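Thank you all for coming; I would like to spend a few minutes walking through one structure with you. Please have a look at the sequence and the model first, and then follow along as I go from place to place.

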Amino acid sequence: NKIIEALESERLKKNSKRTIINNVFSGQERTQSKVVNLYLVWRENFPTFSAKDFSLLLKSISETISIERGKSTEVELVWTGPLASSEFPRMTRQVVQDIINDSENELMIAGYWIAGQADGEGIVADIIELLVKAVQRDVNLTMILDQNPKYYGGTNEEVIRELWNPNVELPKMAIWPDVSNENHLKMHAKLIVGDQKDALVTSANLTMHALDKNIEMGVRLKGNPAKKIARHLQSLIDEEILKFI
């Protein structure tokens, strides 16, 4: 892109010598060498191309790369549990923290079980604290929760309210009302997606054991699948299949 800009502004021309190239990319020795090689390609393979022609060629290549990168998916194994000596996957808690901390505009979380004080297995106050900070930096946070009462009678909504900073606005919380129509029906999805570009789909609930001790498996997806996940969840909300509480 810097080469394209230099060609369009005529700081670089078809007959520019190495001294001119070095001046345009002053202090960037590796770039200088690569631009010199690019000039050799220009002269040998596209001798009739003007600077404008070559700039358009580079633009089309750059745009094609951007489009293909947009279509691509980066997949990463995410794991809670014992590690084998030959494998080093990212740990669930770390990935959850990363996605929350990296979010700038939008964060969507679906959770079947969020551990509170009454669960007796370790609250996730540190994760809630990161979510509070996300809201404080104006991230639009939506939490989709299973509404079924836990074994002790409490709910995920009550856990959020219990652990949330009272001086910060609560996140938007949505439920799947249909679960009340059938005994064994659950909102069982466990996922988090940030800015429609970075998602974790996992077996892990938001509990201390799931984040640190259980054997849990998930995948982190960057790219178009993350966007599809966020859009699907938003569609369920827009069509009032999931409803805010």
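Let me begin with a term: a residue is called buried when its relative accessible area is under 20%, exposed when that value is over 50%, and partly exposed in between. By that rule arginine 220 is buried, because its relative accessible area is 4%. Please keep in mind throughout that what you see is a predicted model.

Let me stay with arginine 220 and turn to its partner. Which residue forms a salt bridge with arginine 220? That residue is glutamate 76, and the closest N and O atoms of the two are 3.8 Å apart. The pair links distant parts of the chain, since glutamate 76 belongs to strand 1, residues 73-80, while arginine 220 belongs to strand 8, residues 216-223, and the two positions lie 144 residues apart in the numbering. Whereas arginine 220 is buried at 4%, glutamate 76 is partly exposed, with a relative accessible area of 22%.

As a general remark for those new to the topic, side chains of opposite charge can pair when their charged atoms come close. In this model the count comes to 10 salt bridges, and I will describe two others from that group.

The next one joins arginine 93 and aspartate 212, with the closest N and O atoms 2.7 Å apart. Arginine 93 lies in helix 5 and aspartate 212 in helix 8, residues 208-212, so this pair ties together parts of the chain that are 119 residues apart in sequence. Is arginine 93 buried or exposed? With a relative accessibility of 15%, arginine 93 counts as buried, while aspartate 212, at 37%, counts as partly exposed.

The last of the pairs I have chosen is made by arginine 161 and glutamate 157, whose side chains meet at 3.0 Å, N to O. Here both partners sit in helix 7, residues 156-163, and because they are 4 residues apart, about one helical turn separates them. Arginine 161 is partly exposed, with a relative accessible area of 42%, and glutamate 157 counts as partly exposed too, at 26%. Salt bridges can also share partners, and in this way Glu76, Arg90, Asp98, Asp198 and Arg220 are joined into one network, which brings us back to the pair of glutamate 76 and arginine 220 from the start.

Now let me move from charged side chains to nonpolar ones at the surface. Which residues make a nonpolar surface patch of about 210 Å²? The patch is made by Val75, Val201 and Val219. Valine 201 lies in strand 7 and is partly exposed, with a relative accessible area of 33%. Valine 219, for its part, lies in strand 8, and is partly exposed with a relative accessible area of 33%. If you look along the chain from valine 219, you will find serine 203 at a distance of 16 residues in sequence, and the C-alpha atoms of these two are separated by 9.5 Å.

From the surface we can go to the spaces within the model. How many cavities of 30 Å³ or more are there? The count comes to 1, and the volume of this largest cavity is about 110 Å³. Its lining has 16 residues, and the closest to the centre are Val96, Leu191, Thr202, Ala204 and Leu206. Two or more lining residues come from each of helix 5 (92-102), strand 3 (106-111), strand 6 (191-194) and strand 7 (198-202). Sorted by kind, the lining of this cavity holds 11 nonpolar residues, 4 polar and 1 charged.

The largest pocket, by contrast, is an open space, with about 240 Å³ in it. Among the residues that line this pocket are Asn1, Lys2, Thr31, Lys34 and Leu58. Helix 1 (2-8), helix 3 (29-45) and helix 4 (51-71) each give two or more residues to the lining, and helix 3 gives the most, with 4 residues. The lining of the pocket divides into 6 nonpolar, 3 polar and 2 charged residues.

I will close with one more residue, leucine 130, which lies in helix 6, residues 125-136, and counts as buried at 15% relative accessibility. Asparagine 101 is 29 residues from leucine 130 along the chain, yet their C-alpha atoms are separated by 7.0 Å.

How values were computed
Residues numbered from 1 in each chain as written. Predicted model: local features only at pLDDT ≥ 70, side-chain atom pairs only at ≥ 80, totals over all residues. Heavy atoms only, no water. 1 Å grid on protein atoms, 1.4 Å probe; cavity = no way out; pocket = protein on both sides within 12 Å on 5 of 7 lines; lining within 4 Å. Points joined across faces, edges and corners; volume = space filled by probe spheres on them. Nonpolar A, V, L, I, M, F, W, Y, C, P; charged D, E, K, R; others polar. Patch = residues over 30% accessible without salt bridge, like charges linked within 9 Å, V, L, I, M, F, W, Y side chains within 5 Å. Areas by Shrake-Rupley, 256 points an atom, 1.4 Å probe, with all protein chains shown as cover. Salt bridge = Lys/Arg side-chain N within 4 Å of Asp/Glu carboxyl O. Buried < 20%, exposed > 50% of the residue type's maximum accessible area, 1.4 Å probe, protein only.
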